[in-house]
Amino acid sequence: MLELKDICYKIDNKDILKDINIVIKSHEFVLITGPNGSGKSTLVKIIMGLIKPTSGKVLLDGVDITDKRVYERARLGITFTFQTPVIFKGLTVRDLLCISRDYYYDDYVGRELLKKVGLCAQEYLDREVNNSLSGGELKRIELACALGKQGKYMLFDEPEAGIDLWSFEDLTNIFKDVKKSKCSGLVVISHQEKLFNIADKIIVLENGSIIEFGNKNKINKYLKNSKCEKCMRDNNE
Ligand SMILES: Nc1ncnc2c1ncn2[C@@H]1O[C@H](COP(=O)(O)OP(=O)(O)O)[C@@H](O)[C@H]1O
Ligand SMILES: [Mg+2]
């Protein structure tokens, strides 16, 4: 079980996250949504240890990991994919897949992982992970690495960003498969309704606070009212 207890995060005295309490069970799919700037990425970075909270605790199976470094959390089985994937100049896609599989790698495994994310191994295994790859390709490669690692808790920050609509069905199926396999707890930041349909719990963040928590029916009203109130007022005037 992954627990966030009374997490607060401030920058220059501004509240970025306020009193966040969440419990994620080991086989649960938790989806986090909310407007831009509401604190979603900050929240998952705190779970991964990329950001230290101003106060509050992160517990993994009852053990306080708040002071643990990123690599220690990775060894404990937490994996993370960035909203904007990181570029690794000088490393090939094969190198990255190999690093992510800390116990076993061969090209058969690499080919299967790339196939899952819709990339042809022949074309990509030897490609360098640099700016020549498109945003969508980088996103898929990062996803393949995360799937290869198969952590106990897998955190995905807007996995759909840069992925074309044609491939979105495949992305949904990847998460369905992970959920079915019951190997990992999933935390996915997303704005995609198709993912809302398969999540066990949905959390809506706004201005750094949880404003709703529950199933899709419960959060529907926030999706419908997602237009800026000021713009709507201006349009009616
Ligand atoms: N280093 C920083 N300095 C100042 N503000 C920051 C910094 N990092 C994040 N923020 C602010 O914190 C808020 C939450 O950011 P983020 O978690 O990235 O939002 P989301 O992922 O929901 O779009 C935003 O208003 C963002 O501008
Ligand atoms: Mg974000």
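On a 1 Å grid over the protein atoms alone, a cavity is a set of points where a 1.4 Å probe fits but cannot get out, and its lining residues have an atom within 4 Å of a point. Grid points are joined across faces, edges and corners, and a volume is the space filled by probe spheres set on the points. This is a predicted model, in which totals for linings use all residues, whereas local features need pLDDT of at least 70 and side-chain atom pairs count only at pLDDT 80 or more. Residues are numbered from 1 along each chain as its sequence is written.

Two cavities of 30 Å³ or more are found in the structure, and the largest has a volume of about 50 Å³. Around this largest cavity stand Lys-116, Val-117, Arg-140, Leu-143, Ile-163, Ser-167, Asp-170, Leu-171 and Ile-174. Helix H6 (135-149) and helix H7 (165-181) are the elements that give two or more residues to this lining, helices being DSSP runs of H or I with at least four residues, numbered from the N terminus. The largest share, four residues, comes from H7. By class the lining has five nonpolar, one polar and three charged residues, where Ala, Val, Leu, Ile, Met, Phe, Trp, Tyr, Cys and Pro count as nonpolar, Asp, Glu, Lys and Arg as charged, and the others, Gly among them, as polar.

The second largest cavity holds about 30 Å³ of space, and its lining is made up of Thr-81, Lys-139, Glu-142, Leu-143, Phe-156 and Pro-159. Here H6 gives the most, with three residues, and the lining divides into three nonpolar, one polar and two charged residues. Leu-143 thus appears in the lining of the largest cavity and in that of the second largest.

Key:
Chains are lettered from A and ligands numbered from 1 in the order in which they are written. Side-chain values use heavy atoms; hydrogens and water are left out. On a 1 Å grid over the protein atoms alone, a cavity is a set of points where a 1.4 Å probe fits but cannot get out, and a pocket is an open set with protein on both sides within 12 Å along at least five of seven lines; lining residues have an atom within 4 Å of a point.
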